[in-house]
Amino acid sequence: MANVVQGIHALAGAVLLALASPALAQDLAVVGARVYPAPDVAPINDATVWIRDGRIAAVGPRGSIKVPDGVRVIDGRGTSVTAGFWNSHVHLTSPPFLDPDERPAQALNDALRERFTRWGFTTLFDISSLPGDVRALRARIERDEVVGPQLLTVDMPFFPEHGTPIYVRELWQRTKTPSGEVATAEQARARAAAQLEAGADGVKLFTGAIVGPPQGVLPMSREIARAAVDEAHAHGKPAFAHPTDQAGLEVALDSGVDVLVHAAPDAGEWSPAFVERLKSEDVAFVPTLTLFESELRRENAPESVVKRFVGSAQQQLGAMARGGGQILFGTDAGYIEIYDTRAEYRLMAGAGLDWRQILASLTTAPAQRFGQSKVRGRLEEGYAGDLVVLGTDPQRASDAYADVRMTVRGGEVIHDARAPVAPPASADD
Ligand SMILES: [Zn+2]
């Protein structure tokens, strides 16, 4: 059985490689699509997006753009095209991503495609993983050994002393990873500096760590949190917080974090005044609604509890959206083994977000938050040739963003739905 599965993996990979390799050397144009250049501008019907040397050379009505001979033309009729998507909360800690230098390129190509690029992601922000792994994988992608998205990572997370979350202890022990706990501000500052100087793109703090009974949720001390945040800011990098409850939220806000990586259903309803506070402190929000729903269902929680808890997370998201707070799409994929994005889009729409707000969370908002708004997040001349071809118009269905026909990064086709996608290997592979 394993050999058959591996055979299918290899075949799918070969097809993908055949599709991807010529694209490396070729310029590309999608012609005849409805193009959504950005959430804050009107879509263009029957449009062309032309990518040259990895960047967008032109976007506009088909009649206004003459695509030169020799450019690979993709028939976009009946499709919608947006900028490449960001998933601002993933973890590359599934078995296929551990020790990436030891793994065949094809296995990594398959794992990235099955989990992420088939859903339109051209950038992933890994919000904690095992030391060095994501930087090593990124290096292989940048050397063109592996086909994948832009990777950003916070590398190893920061836990309070005696605060390693209950759900990561097994992974930490099995992989013999050094402790992520920090006991003093000086320790936090030193490790943050070391990680950032080694190439991390931010720091991630468990300001409220779920440690299990009897403590429940253990808050991080403000002094320790502030030390790590200040070090990140001194390096021009963002700080992320996993808040869990109101105490964890307060530590996060007091220490100056930039991004809350989850909703905090335990913290109850968010008032317009609380949203104003998040905005005035320039804090972005990643809802990860699928996480709450799937965890509760896994624990066989009664339907009324699922509704109340997920409803509370949706209320917080809706309040942020109405108040004009910054929302970043993120699913916690990799912690939950759910890569299909449809549920997240439906839950976001259920919280009251429209197609523009969801598109912003996938494109312009993360590009702005992470310092790439001049190069990514929009389909505009000079921007990176990162785009997604959708089979469904985003104005017609809330989960249209999951109907991905093709994902293009820097002009290279990194996913084509016509090539078979092998299912993600099971967790014990
Ligand atoms: Zn996570």
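# Exercises on a predicted model

T48, with its neighbours within four places in sequence left aside, is in contact with V30, V31, A58, V59, G60, P61, R62, I65 and V67. The structure is a predicted model, and the exercises below are to be worked on it.

## Exercise 1. T48

Task: find the element that holds T48, and decide whether T48 is buried or exposed.

Solution. Step 1: locate the residue; T48 is part of strand 2. Step 2: take its relative accessibility, which is 1%. Step 3: apply the cut-off, by which buried means under 20%. T48 therefore counts as buried. Step 4: relate T48 to V35, which is 13 residues away in sequence; the two C-alpha atoms are 7.7 Å apart in space.

## Exercise 2. Two residues with positive phi

Task: for D53 and T288, state the loop each lies in and whether each is buried or exposed.

Solution. Step 1: D53 sits in the loop that runs between strand 2 (44-52) and strand 3 (55-61). Its phi is positive, about 50°, although D53 is not a glycine. Step 2: the relative accessible area of D53 is 67%, and the cut-off for exposed is over 50%, so D53 is exposed. Step 3: T288 belongs to the loop between strand 16 (284-285) and helix 9 (289-298). T288 also has a positive phi, near 45°, and is a residue other than glycine. Step 4: T288 has a relative accessibility of 0% and therefore counts as buried. Step 5: for a distance check on D53, use F370; the pair is separated by 317 residues in sequence and by 24 Å between C-alpha atoms.

## Exercise 3. Helix 7 and its surroundings

Task: list the buried residues of helix 7 and the elements they pack against.

Solution. Step 1: helix 7 covers residues 246-255, and its buried residues are G248, L249, V251, A252, L253 and S255. Step 2: these buried residues pack against three strands and two helices, listed here by element.

- Strands: strand 12 (208-212), strand 14 (239-241) and strand 15 (259-260).
- Helices: helix 6 (222-234) and helix 8 (272-280).

Step 3: look just past the helix. G256 follows helix 7 and has a positive phi, near 85°.

## Exercise 4. A cis peptide bond

Task: which bond joins P213 and P214, and where does P214 lie?

Solution. Step 1: the peptide bond between P213 and P214 is cis, with omega about 0°. Step 2: P214 is in the loop between strand 12 and strand 13 (216-219). Strand 12 is also one of the elements against which the buried residues of helix 7 pack.

## Exercise 5. I358

Task: place I358 in its element and list its contacts beyond four places in sequence.

Solution. Step 1: I358 is in helix 12, residues 355-362. Step 2: with a relative accessibility of 2%, I358 counts as buried. Step 3: beyond its neighbours within four places, I358 is in contact with Y345, M348, A349, L353 and Y401. Step 4: for S398, which is 40 residues away along the chain, the C-alpha separation from I358 is 8.9 Å.

## Exercise 6. The whole chain

Task: describe the protein chain by its domains, its extent and its charged side chains.

Solution. Step 1: the chain is divided into domain 1 (28-83 + 380-410) and domain 2 (85-369). The contact between them takes 20 residues from domain 1 and 24 residues from domain 2. Their centres, taken over C-alpha atoms, are separated by 29 Å.

Step 2: count the elements; there are 13 helices and 19 strands. Step 3: the C-alpha trace spans about 65 × 50 × 45 Å along its principal axes. A compact globule of 429 residues would have a radius of gyration near 22 Å, so the 21 Å of this chain agrees.

Step 4: buried residues account for 58% of the 429 residues. The accessible surface is about 17100 Å², and 52% of it belongs to carbon and sulfur atoms. Of the contacts between residues at least 6 apart in sequence, 71% join residues at least 24 apart.

Step 5: the chain carries 42 positive and 54 negative side chains, and the centres of the two sets are 4 Å apart.

Conventions
Residues numbered from 1 in each chain as written. Predicted model: local features only at pLDDT ≥ 70, side-chain atom pairs only at ≥ 80, totals over all residues. Heavy atoms only, no water. Helix = DSSP H or I, 4+ residues; strand = E, 2+ residues; numbered from the N terminus. Rg over C-alpha atoms; globule rule 2.2 N^0.38 Å. Buried < 20%, exposed > 50% of the residue type's maximum accessible area, 1.4 Å probe, protein only. Contact = heavy atoms within 4.5 Å. Areas by Shrake-Rupley, 256 points an atom, 1.4 Å probe, with all protein chains shown as cover. Lys, Arg positive; Asp, Glu negative; His and termini not counted. Charge placed at Lys NZ, Arg CZ, Asp CG, Glu CD. Domains from an automatic or database assignment.
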